Structure formats: structure tokens, C-alpha cells
Amino acid sequence: MKRATKAVVALGLALVSMLAPREAAADSSSLPPPKVNLTLATDSLKRWTMRLENTGEAPLRIVADPYLLSFEIMIPEGAAPSKGKKPSPAHTVRCSLPASMRPSSDLARGLVLLPGKAYSEPIDPRMYCFGTKEVAGLVRGARVIAHYGFTPPRGKAKPVAPFVVTPVASAERAADVTIGSLKEVIAASAVELSDAALSGASGAEATATSPDKGKDVVPVASRTTSPVTEKDSSSSVAPSASSDGLDHAFSIALPARTDGFLGRDVSVTVTLTNVGTRRASVYFRPQSVAFDVIGPDGEFTCPAMGAGAIRELFTTISPRGRAQVVMLPSSSCPDHAFDLPGLYEVRPRLDTRRIAGSPAGLHAFDGEAAGTWSLLRIRTGKPGVSRPAPTVE
């Protein structure tokens, strides 16, 4: 009798162990499917606001990182600039950050949204629509659909981590929560770009709303070179010139957009153009170049360092001629100036007022000339420096 009883107990335990995984699977599949709503507000050219709201009945874990955002921009016929007589055809462009900026894991910047709660963050669309083709898509009448998340699998492949939205399972139901997790969230409706959505930026506005005639600048190795003069043939530089009364006038400019990695290592090419009517001598070296910067962490100035006046270091430029110097903005900027990744607006200034003395017999430019604003994108922040943590509305 005792042996029969033990056999029945053993059989019951075996059945329980066989049913346990099925019950766990049922628990995980019983988690409510996530319901999230992605919206985009286009306030101005410098500020759009993305918002992700939990519209369901259960808490959700999201990856709260605006670098996961991308845009599908549908440009109507005739809206984009056209070189020929025919209007530009309707087409679609995609704006997203390079892979080196987008997160590859869902482990960082996790945020739990209770039902009815939301996560929002302002972004600068020019950081995403950075190339020439993408910039041309920021035109009035274009319709923007926001995408948020990781690249979904192709075809019928089963989604695997990382996920941008995951149901929150309790400790008792910590089973496979990949059921119902989302790789990507797409806005339910498109936003049409109005004049207001393309205005309100500072000096870099023209850079972001019209195609760049020059080539995009790719990251280059850090270096500093001496100026090399050359004739300015067909390129046009917007004059923001300063004169010393003897018709010595210069304009100074950066490339429309520069893309770099670590801020401390990014170099830029500064171009000085003689927009006067006579040959002019000028001390044009890194020591006479200053920068005004508007970055993710505020505004700051990088003053010209100044130097002693040595005749051999002066450059003589003919009318419409130009000189160039490649330099590191971080060399004259405050400490930690470019520690954060993101988009920076940069304006160069020629400032020779701190060049001590003047060589005998040389009448050189002595003054200041401010340039126009350009965009600098820093892909990687300084190690150990992180962006502000996300918060729940």
C-alpha cells in the first residue's frame, strides 16, 4: 500500500513539473500588448519635440534615447530646389543619425512608463538631416513621418533584442517578455512642414534650408597647417567683412557642415577671403582665429590666443584671393567645451587685435571680421561624460 502511495505522489510531481513551463508561457503571453503613441511637434527649425506616450493599461519599459529617432520625409513635386527648368519630382528621403551615434543595445537609458505617462525630449532636426540630400528635404509642404527604435527584421524573421518597448513583467511572471515587445514605433500620422517649422533658427538657418553647393566634410585626422593662398574662382563667400579704412576687407568662413567624432580631436578648415579691392597683408594663423559656439550645453566663446608679430608669418592675399588654415577649435576653447555629443553651431572670427606689434614697413590688417554660422556634429562624447538622464512627464 505504501509503495502504491509513493508511486501516485511521484507521478503527480512529474505532471506538475511538465505543466510548469506551459503555465509560465501562458503567463508571459497574457501580458497586455503594448500600446504606445509617437507624436512629433515641429516648433522651429532648431527645435522639434518627440513624445512617446503609454496609452495602454499596463506599465512599459522604453529605451528613452532620442538618438533612436529617424524621419521619413515625403517631398511633393516642385517643393525641392531644382537645377533645371522642370520642377523637381516628388520623392522621399530618410533622415537618421549615423550608426556610430545610434545605440545598439536596449540596456541603457531604460525608463518605465505607467499607463497614461509619457516621455518627451526636444531635438534639433538638423542633426538628423545633416547631408546635402537630407537638408534639401526640409522644405515647406514636405510631410514627415517619425520612426523611433531599432531596425526591424526583414521578411518574416522573428524579432530579437534589442527592443525599444517591452512589457513589464512581475517577479512571478518573469518569463519570455519578448512576446509583445516592439523593435520600432512609427507615428500614426505625418506632420506637414510649415513656414514656422522651418524658421526661428539663428545664423545657421540658411545652411539647413537650402542645398549645400560644396561637398560634405568627412572626419579627418587632427592637424594644423600653414595657410596656402589660392584664387577664389567660382565659389561665393557671403561677406561679413571688417575694414581698417584702407580698403582692407576680409570675410571668414567654415564649411557649411563638418562631421567629427571626439570633440577634442575635430579639425575644421577656416577660409579667409580678401573681399577688398587691393592686395592686403594679414596675420592669418590659428592664433588669430576665434570662435563663437552654441552647443547642447549652452553658449561659449573661444578667443583668439594672440602671438608676437613675425613678418614671415603674415600672408598677403590678392583681391578675391583666399587663404586657408586647418585647426582644432578645442585648442582655444574652454575645457570640456565639446565633451557632449550633438550639434554645435560655430561662427569663426578673424581677430588680429592681440597680435603684438607690426613688422617695419608692413601695413597689415588690424581688426576683426566675423563670419557666418556653420554646423558641427560631434558623434561621440568624451568618455565618462553622459547626456542628461531622461525623465517621465
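User: How do the residues lining the largest cavity divide into nonpolar, polar and charged?

Analyst: This is a predicted model, and in it that lining divides into six nonpolar residues, two polar ones and no charged ones. The residues are Leu254, Pro255, Thr258, Val268, Val346, Ser374, Leu375 and Leu376. Leu, Pro and Val count as nonpolar, while Thr and Ser fall among the polar ones because they are in neither the nonpolar nor the charged group.

User: What makes it a cavity, and what volume does it have?

Analyst: A 1.4 Å probe fits in there but cannot get out, so the space is called a cavity. The volume is about 50 Å³. Strand E26 (residues 374-380) gives the largest share of the lining, three residues.

User: Which residues line the second largest cavity, and how do they divide?

Analyst: Pro32, Pro33, Pro34, Lys35, Asn54, Gly56, Glu57, Ala58 and Leu60 do. They split into five nonpolar, two polar and two charged. Lys and Glu count as charged, and Gly goes with the polar ones. This cavity's volume is about 30 Å³.

User: Leucine 60 is in a strand too, right? How do you know that E3 and E9 pair?

Analyst: Strand E3 covers residues 60-63. Pairing takes at least two bridges, and E3 and E9 have three, so they count as paired. The sense is antiparallel, and leucine 60 has proline 167 in E9 as its bridge partner.

User: Why are E6 and E9 called edge strands?

Analyst: The open sheet runs in the order E6-E3-E9. E6 (110-113) and E9 (165-167) each pair on one side only. From one strand to the next, the twist averages 25°.

Definitions and conventions
Residues numbered from 1 in each chain as written. Predicted model: local features only at pLDDT ≥ 70, side-chain atom pairs only at ≥ 80, totals over all residues. Heavy atoms only, no water. Helix = DSSP H or I, 4+ residues; strand = E, 2+ residues; numbered from the N terminus. Axes fitted to C-alpha atoms, helices over the stretch in contact; angles between N-to-C directions. 1 Å grid on protein atoms, 1.4 Å probe; cavity = no way out; pocket = protein on both sides within 12 Å on 5 of 7 lines; lining within 4 Å. Points joined across faces, edges and corners; volume = space filled by probe spheres on them.
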